[in-house]
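Student: Could you take me through how the helix packing and the cavities in this model get their labels? I'd like to see each value set against its definition.

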Amino acid sequence: MRVLFVAHGASHVPWAVPLAWATQLAGHEVRVAARPQSVDHVKAAGLIAVPIGDRAAGDAFAAWRIPDSAERPERVPADWPMGPLPWPEKRRLSWASQLIGLADSLADDLVAFARAWRPDLVVYDIGAVVGLVTAAAVGVPAVGYNWCQPIGIYFLDEKEVPPAYVRMFERFGVEPRIGTDTWIDTCPPALRRPSRVPRVPVRYIPYNGPGTVPDWLLDRPGRPRVCLSGGITTSNFADRRRQLLDEVAGVDAEVVLAVAGAEDAAGPLPANVRTTGWLPLGALLPTCDLLVHHGGAGTGMTGFAHGVPQVTVPDNTESTQWLWGELVEQAQAGTIVEPDRQSTPGALRTAIEDVLGEPRYAERARQVRQEIEAMPLPGELVGYLEARATS
């Protein structure tokens, strides 16, 4: 069986790696299509990459922000189903048009590859709707996978479908695919929201890229260790480095600053702070008592896979980061530093001390870890993929 995986972006590649490797280890041929910014991430995982699209289109998408993003994003109700977020119509349509436009810029390359390689199945990130277009163009089934967020493009009813979505399929002489059978879902029960789409659960296996274990990581400091990270592709923590350092300077903990370029920060570091350079979070977090991060689902799920409670400090412009923070609060395994508090001196320090000082957060994070560990391993889903390829 030939399986074509389609990743959405660099920070999404890690979500595909465990299942892609499980499929390959079961004896199947695997390729991972990725934009130029993501190709090196695929290759670093030991998988075969298929470059699609041009860097300029990817850079334009990465730089785009939701209109009126200076306003605080709407809270997402706890019972809100997986599907379009409850944003104003302008935001929803703008987000959909951006994802469809990106997919349209990738479709020629990916369809051409698929027509030459002839996959039996397409497994695509729900943010990479080009996977659905490609599957339709070569007449094979497609399976979506999400990343603990209801952010993607899918339509379950014809009246929801915008013309731009239909045009992508018409370019290749095929009918648009509306509706979806299932999504592969790593979300444990504590973080799961209702869904209009049936889901097939799979255990989240942290993959954060290659790295080495430094000597200091094996020595516990005799006080709590706090990881401060902005993820692998975001810069918002790097941009706020000085503020973050001032906030954590007085915390009775060892703070590990896992932020890109932090080792080059100007000015002295507080006595309780060390920098890591590049260090996979999967190596660091098992030694930590708290994770402070921007609200990325990959960073957050890696934390929960190791039973670590969280404080999220989302960027005001990223509603998806807000959603992760709300899932953490919903699970009672951490808290959010609200945007109107982020510039208040001591707000982050207070949040850190509150979570470290209240055992129920750590206990709840350990319970989320147990939920994750009870889910089927990626290797157990290969049979499902095989069945879908022949359906």
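Tutor: Gladly! Let's start with the angle: axes are lines fitted to C-alpha atoms, for helices over the stretch in contact, and angles run from 0 to 180 degrees between N-to-C directions. Helices (H or I, at least four residues) and strands (E, at least two) are DSSP runs, numbered from the N terminus. This is a predicted model, where local features need pLDDT of at least 70, side-chain atom pairs count only at pLDDT 80 or more, and totals for chains, interfaces and linings use all residues. Residues are numbered from 1 along each chain as its sequence is written, and side-chain values use heavy atoms, with hydrogens and water left out.

Student: Why are α10 and α14 called roughly perpendicular to each other?

Tutor: Helix α10 (residues 297–305) and helix α14 (residues 359–373) pack at about 95 degrees, with their axes 7 Å apart. Angles under 35 degrees count as roughly parallel, over 145 as roughly antiparallel, 65 to 115 as roughly perpendicular and the rest as oblique. The pair is therefore roughly perpendicular.

Student: Which residues make α10 and α14 meet?

Tutor: Contact means heavy atoms within 4.5 Å. On that basis M301, F304 and A305 of α10 meet A365, V368, R369 and I372 of α14. By class, this contact has six nonpolar, no polar and one charged residues; Ala, Val, Leu, Ile, Met, Phe, Trp, Tyr, Cys and Pro count as nonpolar, Asp, Glu, Lys and Arg as charged, and the others, Gly among them, as polar.

Student: What makes α8 and α13 oblique to each other?

Tutor: The axes of helix α8 (residues 241–248) and helix α13 (residues 347–357) come within 8 Å and cross at roughly 50 degrees. That angle falls in none of the named ranges, so α8 and α13 are oblique. L244, E247 and V248 of α8 touch A347, L348, R349 and I352 of α13, a contact of five nonpolar, no polar and two charged residues.

Student: How do you know which way α1 passes α15?

Tutor: A crossing is left-handed if the near helix is turned anticlockwise from the far one by less than a right angle, and right-handed if clockwise. α1 passes α15 in a right-handed crossing. P18, L19, A22 and T23 of α1 meet P378, G379, L381, V382 and L385 of α15.

Student: What counts as a cavity, and how many of 30 Å³ or more does the structure hold?

Tutor: On a 1 Å grid over the protein atoms alone, a cavity is a set of points where a 1.4 Å probe fits but cannot get out; lining residues have an atom within 4 Å of a point. There are five cavities of 30 Å³ or more, and the largest holds about 150 Å³. Its lining has 16 residues, with W15, A16, L19, T186 and V202 nearest the centre. α1 gives the largest share of that lining, five residues.

Note on methods. On a 1 Å grid over the protein atoms alone, a cavity is a set of points where a 1.4 Å probe fits but cannot get out, and a pocket is an open set with protein on both sides within 12 Å along at least five of seven lines; lining residues have an atom within 4 Å of a point. Grid points are joined across faces, edges and corners, and a volume is the space filled by probe spheres set on the points.
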